[in-house]
Amino acid sequence: MDSQKKTNFQIEAFKHRVVVDPKYADKTWKILEHAIHEIYNQNAGELSFEELYRNAYNMVLHKFGEKLYSGLVATMTAHLKEISKSVEAAQGGSFLEVLNGKWNDHNKALRTIRDILMYMDRTFIPSTRKIPVHDLGLNLWRDNVIHANNIQTRLLNTLLELILMERTGEVINRGLMRNIVKMLVDLGSSVYQEDFEKPFLEVSADFYRVESQRFIECCDCGDYLKKAERRLNEEVERVSQYLDCSSESKITNVVDEEMIANHMQRLVHMENSGLVSMLLDDRYEDLGRMYSLFRRVVNGLNTVRDVMTSHIRETGKQLVTDPEKVKDPVEFVQRLLDEKDKYDKIISVAFNNDKTFQNALNSSFEYFLNLNTRSPEFISLFVDDKLRKGLKDVTEEDVEIVLDKVMMLFRYLQEKDVFEKYYKQHLAKRLLSGKTISDDAERSLILKLKTECGYQFTSKLEGMFMDMKTSQDTMQGFYASQGAEVGDGPALVVQVLTMGSWPTQPCPPCNLPSELSMLCERFRTYYLGTHTGRRLYWQINMGTADIKATFWKGQKHELNVSSYQMCVLLLFNNADRLTYKEIEQATQIPTTDLKRCLQSLACVKGKNVLRKEPMSKDISEDDAFLFNDKFTSKFYKVKIGTVAAQKESEPEKQETRQRVEEDRKPQIEAAIVRIMKSRRVLEHNSVITEVTKQLQPRFLANPVEIKKRIESLIERDFLERDNTDRKSYRYLA
């Protein structure tokens with residue numbers, strides 16, 4: 001069977017000629033035109049919308065869409081011109097109300113007309129790319145009403161006048177304003193912007209320029225900022241009430257520019273009320289307002305931060321260089337901590353914990369703290385004071401707070417190794433005198449230092465605690481070995497200190513009383529007998545003693561004194577009166593220590609177990625001393641401290657500085673070798689930079705000293721100069 005042929009079918013339109021009345025279009029348009037007139041005259045109730053829709057449908061269907069569209073434009077235009085005349089005729093305050101009423105009527109009419117002409121809107125208009133009915137109605141309203149010669153300018157002036165009235169405290173009809181502004185927005189963003197927003201922003205700029213100038217002439221900084229903040233809030237509220245939301249950023253920028261940016265420098269530097277005055281008086285509210293307003297403008301926060309930094313540096317410099325304020329190290333450090341607390345609170349409360357302000361504060365403190373070379377010593381003395389007596393009867397949390405504050409100052413120090421040197425000396429005295437308030441507090445601070453600077457920084461400090469524990473076991477062994485031989489004589493407690501862990505101290509000679517000398521010799525024999533290869537050096541100057549004394553009428557007291565003071569007092573068992581020279585010859589105590597010792601025994605009220613002739617505050621070599629048998633105290637135990645200058649004397653300071661410089665030499669050399677070992681060849685300036693950077697956590701290395709250490713390493717064949725470039729060094733393996 002042959003393959004079947006595939007047949008294609010096509011359905012064609014029915015060939016029937018529809019005869020249309022030649023006057024059909026005109027008749028139908030007349031009906032629709034009449035309807036539009038009735039709709040605008042608000043007589044639409046009697047119209048048949050179904051019939052009107054069908055008429056519009058048939059006109060489009062019979063290719064009369066163009067006639068319908070152009071007729072609509074002409075009819076609406078005629079009506080809008082009439083509306084325009086009635087709006088122009090409105091008098092005074094009724095202008096906006098009439099305009100708003102007519103706009104609402106037009107919108108209502110427009111919705112009805114759009115519904116009648118829906119078929120045209122959906123078919124004819126898209127195919128001919130004409131403007132849809134609703135948009136057409138808006139455009140015609142814009143062109144014939146809003147942009148009418150006598151309306152456009154009047155509308156703008158009326159709106160701006162009402163806003164000015166509101167700015168000057170009068171109440172306006174915000175609902176009416178909201179409707180008029182919404183009308184402008186509905187007519188298109190360009191209408192809103194060109195016909196209202198641009199002139200509004202220009203007028204606002206002029207208004208705030210004049211007002212800010214008036215305010216700044218008569219207000220202090222705090223009041224000015226309050227007014228600026230209030231104006232800013234008013235503009236934000238105005239936008240939320242009746243302006244378009246897109247205007248908020250623009251109008252607030254105008255306020256920011258005219259009221260803040262143009263007057264920044266004058267505001268922050270305003271005498272008696274500017275930023276410095278606010279900082280001095282802790283005016284958190286004003287400072288917070290300044291921060292929130294200035295952050296809105298370019299370079300606003302930079303300006304505030306720069307002035308704050310300059311002020312902190314200046315006041316800090318005065319604090320650390322004022323001879324009066326550095327007399328008392330504890331007060332000196334406390335002032336620094338108070339200043340830090342003050343600005344920490346300002347940054348937290350007023351400046352939103354801004355990290356850039358915190359960094360500026362830290363750099364300022366680091367700057368002025370290191371202007372005083374004695375800052376490391378003073379911070380250590382502050383710690384010493386607090387851990388001796390300043391933190392008694394306080395909770396562990398409060399102790400931690402104080403220690404954390406000390407660590408904060410410690411981080412600012414460039415010469416951390418100098419602090420370490422003093423801290424070790426002060427810790428040694430606290431441990432040996434048993435005057436620390438808490439071993440836990442001491443260990444907590446050492447742990448903080450260890451966390452900050454590493455094990456090497458604190459290894460010797462931890463060794464000091466170990467020696468104190470070992471010494472207790474040693475004394476138990478000593479007394480167990482002596483048995484009854486010790487008898488009723490003086491009791492001896494010895495702390496055996498590892499020389500490498502403790503601060504190196506000179507061992508000045510001192511003649512101990514005979515009974516104590518014998519006991520010390522026994523301990524030496526015992527200790528060297530139980531430990532081989534060790535040497536003992538007595539540090540009499542670091543010891544203390546408890547001695548019992550009997551005064552007038554048999555009154556007895558127990559005196560807690562230093563070892564030197566004990567040696568002096570025991571001389572008066574055999575003499576009633578001794579000259580300074582006789583005491584010096586008998587005890588061999590160094591001159592400086594002896595004068596301090598006698599001063600504390602004879603010149604301190606309530607502790608004067610000796611009398612001095614002639615009586616004065618200072619000790620001279622011509623003085624004579626007598627036992628004060630009339631000494632009285634309401635306490636049985638009387639503690640007599642040594643009158644010692646808290647700060648080092650100038651020679652002591654030089655000696656400490658020299659020891660620090662000596663200790664730095666091997667550290668600089670070790671850093672040079674580490675760097676050269678990894679880099680093999682390096683140019684001189686690069687070596688200086690790398691060494692400085694590597695040692696920065698401990699101290700600020702002096703380039704001159706680094707150069708000396710390089711020369712020393714070259715002499716010892718660790719390095720050599722490069723043959724081709726004499727400014728470079730080569731590592732010798």
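**Calls and cut-offs in a predicted model**

Biologist: L61 sits in helix α2, residues 49–61. What makes L61 partly exposed?

Modeller: This is a predicted model, so the values are computed from it. L61 has a relative accessible area of 44%. Buried needs under 20%, and exposed needs over 50%. The value of 44% falls in between, so L61 is partly exposed.

Biologist: Which residues join L61 in a nonpolar surface patch, and how much accessible area do they have together?

Modeller: Y53 and Y57 join L61. Together the three have about 250 Å² of accessible area. Patch members need over 30% relative accessible area. L61 meets that with 44%.

Biologist: There is a charged patch too. Why is the patch of E396, E397, D398, D439 and D440 called negative?

Modeller: Asp and Glu count as negative, and each of the five is one or the other, so the patch is negative.

Biologist: Which elements give two or more residues to the negative patch?

Modeller: Helix α19 (396–412) and helix α21 (439–453) do. The most come from α19, which gives three residues. D398 lies in α19.

Biologist: How do you know that D398 is open enough for a patch?

Modeller: Its relative accessible area is 36%. The patch cut-off is over 30%, so D398 passes. The value also lies between 20% and 50%, so D398 is partly exposed.

Biologist: On to charge pairs. What makes the contact of K130 and E66 a salt bridge?

Modeller: The side chains meet at 3.5 Å, N to O. The limit is within 4 Å, so the pair counts. The structure holds 52 salt bridges.

Biologist: Which parts does the K130 and E66 pair tie together?

Modeller: K130 is in the loop between α5 (118–128) and α6 (133–146), while E66 is in helix α3, residues 65–88. These parts are 64 residues apart in sequence. K130 has 26% relative accessibility, and E66 has 41%. Both values fall between 20% and 50%, so K130 and E66 are partly exposed.

Biologist: Why are E235 and R238 said to be about one helical turn apart?

Modeller: They are three residues apart in helix α10, residues 221–242. Their side chains meet in a salt bridge at 2.7 Å, N to O.

Biologist: Are E235 and R238 buried or exposed?

Modeller: E235 has a relative accessible area of 0%, and R238 has 2%. Buried means under 20%, so both are buried. Both also belong to a network of salt bridges with E166, R167, R174 and E237.

Biologist: What is the distance between E415 and R664, and what makes it a salt bridge?

Modeller: The closest N and O atoms are 3.2 Å apart. That is within 4 Å, so it is a salt bridge. E415 lies in the loop between α19 and α20 (416–433), and R664 in helix α27, residues 650–679. The pair therefore ties together parts 249 residues apart in sequence.

Biologist: How do you know whether E415 is buried or partly exposed?

Modeller: Its relative accessible area is 19%. The buried cut-off is under 20%, so E415 is buried. R664 has 5%, so R664 is buried as well.

Biologist: Now the strands. What makes β3 and β5 a pair?

Modeller: Pairing takes at least two bridges. Strand β3 (577–579) and strand β5 (624–627) have three, so they pair. The sense is antiparallel. R577 stands opposite L626 in β5.

Biologist: How many bridges join β4 to β5?

Modeller: Four, and the strands run antiparallel. Strand β4 covers residues 610–613. E613 stands opposite A624 in β5.

Biologist: Which residues are on the covered face of β4, and which on the uncovered one?

Modeller: L610 and K612 are on the covered face. R611 and E613 are on the uncovered face.

Biologist: One last residue. What makes G175 partly exposed?

Modeller: G175 has 25% relative accessibility, between the 20% and 50% cut-offs, so it is partly exposed. G175 is found in helix α8, residues 174–186. Its C-alpha is 7.3 Å from that of Y242, with their places 67 residues apart in sequence number.

Technical notes. Residues numbered from 1 in each chain as written. Predicted model: local features only at pLDDT ≥ 70, side-chain atom pairs only at ≥ 80, totals over all residues. Heavy atoms only, no water. Patch = residues over 30% accessible without salt bridge, like charges linked within 9 Å, V, L, I, M, F, W, Y side chains within 5 Å. Areas by Shrake-Rupley, 256 points an atom, 1.4 Å probe, with all protein chains shown as cover. Charge placed at Lys NZ, Arg CZ, Asp CG, Glu CD. Buried < 20%, exposed > 50% of the residue type's maximum accessible area, 1.4 Å probe, protein only.
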